[in-house]
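Me: I've got a structure open and I'd like to talk through how it's put together. Can I fire some questions at you?

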Amino acid sequence: MQRDLASLWHPCTQMKDHETLPVTPIKRGKGVWLEDFEGNRYLDAVSSWWVNIFGHANERINARIHEQLDTLEHVILSGFTHQPVVELSERLGRLAPDGLGHCFYADNGSSAIEVALKMSYHYWRNVGRDEKKRFLTITNGYHGETLGALAVGDVALYTATYQSLLLDVLKVPAPDCYGLPREQWDAHARAMFAHMEEALARHHHELAAVIVEPLIQCAGGMRMYPPLYLTLLREACDRYGVHLILDEIAVGFGRTGTMFACEQAAIRPDFLCLSKALTGGYLPLSVVMTTDEIYNAFYDDYTTLRAFLHSHSYTGNPLACAAALATLDIFEQDDVINANRAKSDHIERVTSGFRDHPQVGDVRQTGMVVAIEMVKDKVNQTPYPWQERRGLRVFEHAMSRGALLRPLGNVIYWMPPYVIEHDEIDFLAEVTSEGLDIATRD
């Protein structure tokens, strides 16, 4: 650990914490389990930051990467191409909502958001609508840590420090259904959509796009809302002539119960941003999928300067594409979406009882994501002060019991690999119950 602390600066971490909180060195992983150098095992309940959907050291993904490694590890994608990136683009085009037939690759989720924002802005410029250069989003969103992505986000923990560097983005209240029974979600979403409708009506002439995370605001505490809001949003964006960017970086590839969350609203965005689970948690890769209309606005003679001159050195890396192809194979061969339904039902059964805990304000679930929100006062839904770091107590207890739970503030959540078994779900429920009691004990 001393070698680590002397040379590494860890992400999303106050490094001073590690004076008392040990860094855990991981030696190997297999399936849902990670193992340290002392032989202790930890169930990876957060899919190693929401990426590892088919388990660690998956033999089928390993084999596909090994095969590609012996053929081609990387080549510039400007003016060149290769088989894995072509096959991946074709397959994604068949999987995604109809009409998203053009794939632009980047290295990570934040970069995909930057691509979509720039592409939307540039589209309007190319069609002679220079005034359409602002963006609209909902509160409590998160889209990444680069400056453009931060600007369209709204989690103060990440954005406040850099506010003077960020774009001026319009924001309306989010439709999240915290504390509401499921049967009231649609009515709440419809009522909250009035804020979006008003903003579009007032600002559509200057708006390039609306950007949202569909169904789950993940880094914003796993707040959830129903597909109806997306249906209303697509209709309104069409009516007012504004692009719709859907950030499915965290929720795509089966996490919400369908391959893509937007399927549940039966809509197609103008830009679909994907990453994380795209490669099964193996290698960095992201993609922005878009339409013929947007693609054609950039298609012209070089001298018109309409081209989208955006690039990353590792764009469309063959090894990452090979991992993504293996991931898509597993979805197809194992009928993963249907298999997940039984696991999602089991997760609901074992977590529903947490609603009765005196310090739990809400238990919510969408697909393979469940969130349990701790509160100081259940009657008034008063949150614990963030400075008390109740979630850290859950994390420390879970690690002592052999589970990797990494709460978001006062929100304990599970976002496990899809290969998790029912008895492992039961184990997580047991550890979570213990962690709740310990974290809420004054």
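Me: What's the strand order in the seven-strand open sheet, and how is it paired?
Reply: The order is β4-β12-β11-β10-β7-β5-β6, and the pairing is mixed. Strands here are DSSP runs of E with at least two residues, helices are runs of H or I with at least four, and both are numbered from the N terminus. Two strands count as paired if DSSP finds at least two bridges between them.

Me: Before we go on, what sort of model is this?
Reply: It's a predicted model, where local features need pLDDT of at least 70 and side-chain atom pairs count only at pLDDT 80 or more, while totals for chains, interfaces and linings use all residues. Residues are numbered from 1 along each chain as its sequence is written, and side-chain values use heavy atoms, with hydrogens and water left out.

Me: Ok, back to that sheet. Which strands sit at the edges?
Reply: β4 (102–106) and β6 (170–172), each of which pairs on one side only. On average, neighbouring strands of this sheet are turned by 20° against each other, direction ignored. Angles run from 0 to 180 degrees between N-to-C directions, with axes fitted as lines to C-alpha atoms, for helices over the stretch in contact.

Me: Is β5 buried or exposed?
Reply: Five of the five residues of β5 are buried, so the strand is largely enclosed by the rest of the structure. Buried means under 20% relative accessible area, exposed is over 50%, and partly exposed is in between (1.4 Å probe, protein chains only). Arg 134, Leu 136 and Ile 138 point one way, with Phe 135 and Thr 137 pointing the other way.

Me: How does β5 pair with β7 and β6?
Reply: β5 and β7 run parallel and are joined by four bridges, with Arg 134 opposite Leu 207 in β7. β5 also pairs with β6 in the parallel sense, over three bridges. There, the bridge partner of Ile 138 is Val 172 in β6.

Me: And where does β7 go from there?
Reply: β7 (residues 207–212) runs parallel to β10 (residues 243–247), joined by four bridges. Ile 211 has Ile 245 in β10 as its bridge partner.

Me: Which strands does α8 lie across?
Reply: Helix α8 (residues 185–203) lies across β5 (134–138), β6 and β7, at about 165° to β7. Helix α9 (residues 227–240) lies across β5, β6, β7 and β10, and runs at about 150° to β10.

Me: Now β12. How many of its residues are buried?
Reply: Five of the five residues of β12 (residues 286–290) are buried. One side has Ser 286, Val 288 and Thr 290, and the other has Val 287 and Met 289. Five bridges join β12 to β4, and those two run antiparallel. Tyr 105 has Val 287 in β12 as its bridge partner. β11 (residues 271–274) pairs with β12 in the antiparallel sense too, over four bridges, and Cys 273 stands opposite Val 288.

Me: Switching topic: how do α3 and α11 pack?
Reply: α3 (residues 59–69) and α11 (residues 318–334) pack at about 145°, with their axes 8 Å apart. By class, their contact has 10 nonpolar, three polar and four charged residues. Ala, Val, Leu, Ile, Met, Phe, Trp, Tyr, Cys and Pro count as nonpolar, Asp, Glu, Lys and Arg as charged, and the others, Gly among them, as polar.

Me: How many residues are in the largest nonpolar core?
Reply: That core has 112 residues, and those with the most contacts inside it are Met 196, Val 210 and Phe 253. A nonpolar core is a set of buried Ala, Val, Leu, Ile, Met, Phe, Trp, Tyr and Cys residues joined through side-chain atoms within 4.5 Å. α11 gives the most to this core, with 10 residues. Apart from it lies another core, of 30 residues, including Phe 135 and Ile 249.

Me: Last one: why does Val 375 count as buried?
Reply: Because its relative accessibility is 1%. Val 375 lies in strand β14 (residues 369–377). Its C-alpha atom is separated by 5.6 Å from that of Val 360, 15 residues apart along the chain.

Methods:
Contact means heavy atoms within 4.5 Å.
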